[in-house]
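Got your viewer open? Let's take a walk through this structure, one selection at a time.

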Amino acid sequence: MNANPPIEAQDRPARLTVGVVGAGRVGPALAASLQLAGHRPVAVSGVSDASVRRAAALLPDVPLVSPAEVLVRADLVLLTVPDDALAGLVSGLAETGAVRPGQLLVHTSGRFGTAVLDPATRAGALPLALHPAMTFTGTQVDVQRLAGCSFGVTAPDELRMAAEALVIEMGGEPEWIAEAARPLYHAALAIGANHLVTLVAQSMELLREAGVGAPDRMLGPLLGAALDNALRSGDAALTGPVARGDAGTVAAHIAELRKHAPQSVAGYLAMARTTADRALAHGLLKPELAEDLLGVLAHVPNASDVSAAPEVLDAPEASEGTPDAPDGTPDEAPDGTRDDGGQDAPDTRAPDPETPQTPDDTPDSGPQGGDR
């Protein structure tokens, strides 16, 4: 259910012609969503074979043209390119005179606000930053996932209503982000989404090493419950040996990881230390147990010495059963809730759509926080 009030007719953007510069995973999906709202995609640029296929699948019959030609044809232009390519693209388009006064120029980078669009703004463009906090696969499913998706919105005050209206038309929920807060906002999404993929993939590898035949089936219910509890209750949802101060179990984990997956030790230690700090700060980890635990985490031989194992310290026996079972979490609590794979970086100097592109075009099915 959309919590935003209905957009009045006078506040809705007029039916617009829409262009996409960079047919990565995000741009075609957003354009297809805008098409469902009554806008009309008229042009798309893309350089890799995968980009061409995405554009054809999500925006059939929309011509593939150069970036400059996209701006000629469209009233609303989506710049859906990698973060590091955005500033150069904007400058190039402005310098070549491709930007038209009154043209809505929208980028979908989480890192940047509207300042990155300043060269185009000086040429008369209307700048908007609309970042969907969602992972994209480059398929039709992305259009459906936009329903209820939060967008980080940054725009000049006079364009705020238009920006929010566009997000709502795509089925999203606008969340206003100040220009100066964009890097922090994006870092938060990367920690929560990008790092989650790494943790889950690593956990599945270790379970396979332990002999589990279907690690995805084993992890699914556990991780789903942990995520739900964390969104509802924050740090109060912490369970497991670190939150309990079970130093002996943690030491045993480290010893096993050194033998079977030494590349995982550094990540385990970093997350365990952070978890211990948060558990201690929130009163979940008893101070008298924290000393031994932090000692295990602090005095570990160099990770390159895979034969070394930390001393297993005595610690009180845990009262829970399964160490990571999501127990003790309140059932009633308020609900809570991309680098950028899948963007297409056009070269404004060589707009040939057949030019090969090096970035990986493999669809990204893991949470990426909305990166292209």
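Start by selecting S264, which is buried, with a relative accessible area of 2% (buried means under 20% relative accessible area, exposed over 50%, and partly exposed in between, with a 1.4 Å probe and protein chains only). You'll find S264 in the loop between α11 (247-260) and α12 (265-281). Helices (H or I, at least four residues) and strands (E, at least two) are DSSP runs, numbered from the N terminus. Now show what S264 touches: leaving aside neighbours within four places in sequence, S264 is in contact with Q202, L206 and L257, where contact means heavy atoms within 4.5 Å.

Before moving on, a word on what you're looking at. This is a predicted model, in which local features need pLDDT of at least 70 and side-chain atom pairs count only at pLDDT 80 or more, while totals for chains, interfaces and linings use all residues. Residues are numbered from 1 along each chain as its sequence is written, and side-chain values use heavy atoms, with hydrogens and water left out.

**Next stop: helix α11**

Select residues 247-260. Helix α11 has 14 residues and reaches 20 Å from its first C-alpha to its last, close to the 20 Å expected at 1.5 Å a residue (the expected span is 1.5 Å times one less than the number of residues). Colour its buried residues: A247, G248, V250, A251, I254, A255, L257 and R258. What covers the buried residues of α11? The cover includes α8, α10 (241-244), α12 and α13 (287-298).

**On to helix α8**

Now pick residues 182-209. Why does the length of α8 agree with what is expected? Its 28 residues should span 40 Å at 1.5 Å a residue, and the end C-alpha atoms of α8 are 40 Å apart. Look along the helix for a kink of about 35 degrees, centred on A190; the bend at a residue is the angle between axes fitted to the seven residues ending there and the seven starting there. A190 is also one of the buried residues of α8, along with R182, Y185, H186, A193, N194 and L207. Those buried residues pack against α4, β4, β5, β6 (150-154) and α9 (215-233). Step just past α8 and click G211, which takes a positive phi of about 100 degrees.

**Into the sheet**

Show the strands. You should see an open sheet of 7 strands in the order β2-β1-β3-β4-β5-β6-β7, with mixed pairing (two strands pair if DSSP finds at least two bridges between them). At the edges are β2 (40-45) and β7 (173-176), each pairing on one side only.

Zoom in on β4, residues 104-107. Are its faces covered or not? Both are covered: L104 and V106 on one side, and L105 and H107 on the other, are all buried. Strand β3 (residues 76-79) runs parallel to β4, joined by 4 bridges, and L79 has H107 as its bridge partner in β4. To get from β3 to β4, the chain crosses through helix α4 (residues 83-95), and this β-α-β crossover is right-handed. Right-handed here means that, with the strands pointing away from you, the path from the first strand over the helix to the second runs clockwise.

On to β5, residues 126-132, which pairs with β4 in the parallel sense over 4 bridges. Click L105 and you'll find P127 of β5 standing opposite; do the same with H107 and you'll find A129. 6 of the 7 residues of β5 are buried, so this strand is largely enclosed by the rest of the structure. With β6, strand β5 pairs in the antiparallel sense over 4 bridges, and H131 has G152 as its bridge partner in β6.

While you're there, select S150, which sits in strand β6. At 32% relative accessibility, S150 counts as partly exposed. S150 touches H131, P132, A133 and E173, not counting residues up to four places away in sequence. Try the distance tool too: the C-alpha atoms of S150 and E175 are separated by 6.5 Å, though the two residues are 25 apart along the chain.

**Last stop: D61**

Finish in the loop between α2 (49-58) and α3 (67-73), where D61 is found. Is D61 buried or exposed? D61 is exposed, with a relative accessible area of 81%. Check its backbone as well: the phi of D61 is near 70 degrees, a positive value in a residue other than glycine. Most residues other than glycine have a negative phi.
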